[in-house]
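Thanks for coming. I have one structure to go through today, and I will keep to helix packing and a few single residues. Please have a look at the model first.

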Amino acid sequence: MNGVEIVLVLVIESVVGAASAVAVGRLSHATDLPRTTIAMIGAVGGIVLALLAAQIPGLGHFVGYVGSILDAASYATSGLTLEILFGAGVAGLIGGAVLIGLVSFAYRAMRS
């Protein structure tokens with residue numbers, strides 16, 4: 001993948017992570033943090049989980065190139081496949097929700 005494709009994947013991970021963190025943070029009412037702070041925490045969580053998933057051998061192929069014939073054709077032309085976009089979105093979704101959950105848990109524990 002070239003630089004523009006990597007930036008696109010990182011933007012997808014951070015935007016989806018931020019959206020999931022805002023949704024989870026507002027639904028649970030666990031923190032008094034403003035939405036922008038919650039969104040930044042979720043963006044970081046989305047990027048971190050996607051980077052971690054790419055390093056784990058069993059999960060790496062879910063985030064990136066999986067080797068089907070259709071992917072082989074698109075991989076030869078650009079390197080950015082539908083599976084990479086979908087994997088980045090799912091990793092961002094889960095990462096943002098998990099990190100805001102951990103921050104909310106720590107926030108409640110410190111206030112008690």
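Let me begin with a single residue: does Leu 8 count as buried, partly exposed or exposed, or in other words, what does its relative accessibility make it? Leu 8 has a relative accessibility of 39%, and because buried means under 20% and exposed means over 50%, Leu 8 counts as partly exposed. Keep in mind throughout that this is a predicted model.

Leu 8 belongs to helix H1. Its C-alpha is 9.9 Å from that of Ala 88, although 80 residues of sequence separate Leu 8 and Ala 88.

Now the chain as a whole. The protein chain contains five helices and zero strands. Read from the N terminus, the order of elements is α-α-α-α-α. The chain has 112 residues, of which 31% count as buried. It exposes about 6700 Å², with carbon and sulfur atoms supplying 76% of that area. As for contacts, take those between residues at least 6 apart in sequence: 69% of them join residues at least 24 apart.

On to the packing. Two packed helices are described by the angle between their axes and the distance between the axes. I have two pairs to show, and H2 takes part in both.

The first pair is H1, residues 3–28, with H2, residues 35–55. Their axes come within 6 Å and cross at roughly 130°. That angle makes H1 oblique to H2. The crossing of H1 with H2 is right-handed. On the H1 side, the residues that meet H2 are Leu 10, Glu 13, Ser 14, Gly 17, Ala 18, Ala 21, Val 22 and Arg 26. The H2 side brings Arg 35, Ile 38, Ala 39, Gly 42, Ala 43, Gly 46, Ile 47 and Ala 50. By class, the contact of H1 with H2 has nine nonpolar, four polar and three charged residues.

The second pair is H2 with H5, which covers residues 82–111. Here the angle is about 125° and the axes are 7 Å apart. H2 and H5 are therefore oblique to each other. Their crossing is right-handed. From H2, the contact uses Ile 38, Ile 41, Gly 42, Val 44, Gly 45, Gly 46, Leu 49 and Ala 50. From H5, it uses Ala 91, Gly 92, Ile 94, Gly 95, Gly 96, Leu 99, Ile 100 and Val 103. This contact of H2 with H5 divides into 10 nonpolar, six polar and no charged residues.

Let me return to H1 for two serines. Which residues does Ser 20 contact, leaving aside its neighbours within four places in sequence? They are Gly 92, Leu 93, Gly 96 and Ala 97. Ser 20 is in helix H1. With a relative accessible area of 6%, Ser 20 is buried, because the limit for that class is under 20%.

Ser 28 is also placed in helix H1. Its relative accessible area is 34%, so Ser 28 is partly exposed. How far apart are the C-alpha atoms of Ser 28 and Ser 104? The separation is 8.9 Å, while along the chain Ser 28 and Ser 104 are 76 residues apart.

To recap the packing: H1 is oblique to H2, and H2 and H5 are oblique to each other. That is what I have.

Note on methods
Residues are numbered from 1 along each chain as its sequence is written. This is a predicted model: local features need pLDDT of at least 70, side-chain atom pairs count only at pLDDT 80 or more; totals for chains, interfaces and linings use all residues. Side-chain values use heavy atoms; hydrogens and water are left out. Axes are lines fitted to C-alpha atoms, for helices over the stretch in contact, and angles run from 0 to 180 degrees between N-to-C directions. Helices (H or I, at least four residues) and strands (E, at least two) are DSSP runs, numbered from the N terminus. Angles under 35 degrees count as roughly parallel, over 145 as roughly antiparallel, 65 to 115 as roughly perpendicular and the rest as oblique. A crossing is left-handed if the near helix is turned anticlockwise from the far one by less than a right angle, and right-handed if clockwise. Contact means heavy atoms within 4.5 Å. Ala, Val, Leu, Ile, Met, Phe, Trp, Tyr, Cys and Pro count as nonpolar, Asp, Glu, Lys and Arg as charged, and the others, Gly among them, as polar. Buried means under 20% relative accessible area, exposed over 50%, partly exposed in between (1.4 Å probe, protein chains only). Accessible areas come from the Shrake-Rupley method with a 1.4 Å probe; for residues, only the protein chains shown count as cover.
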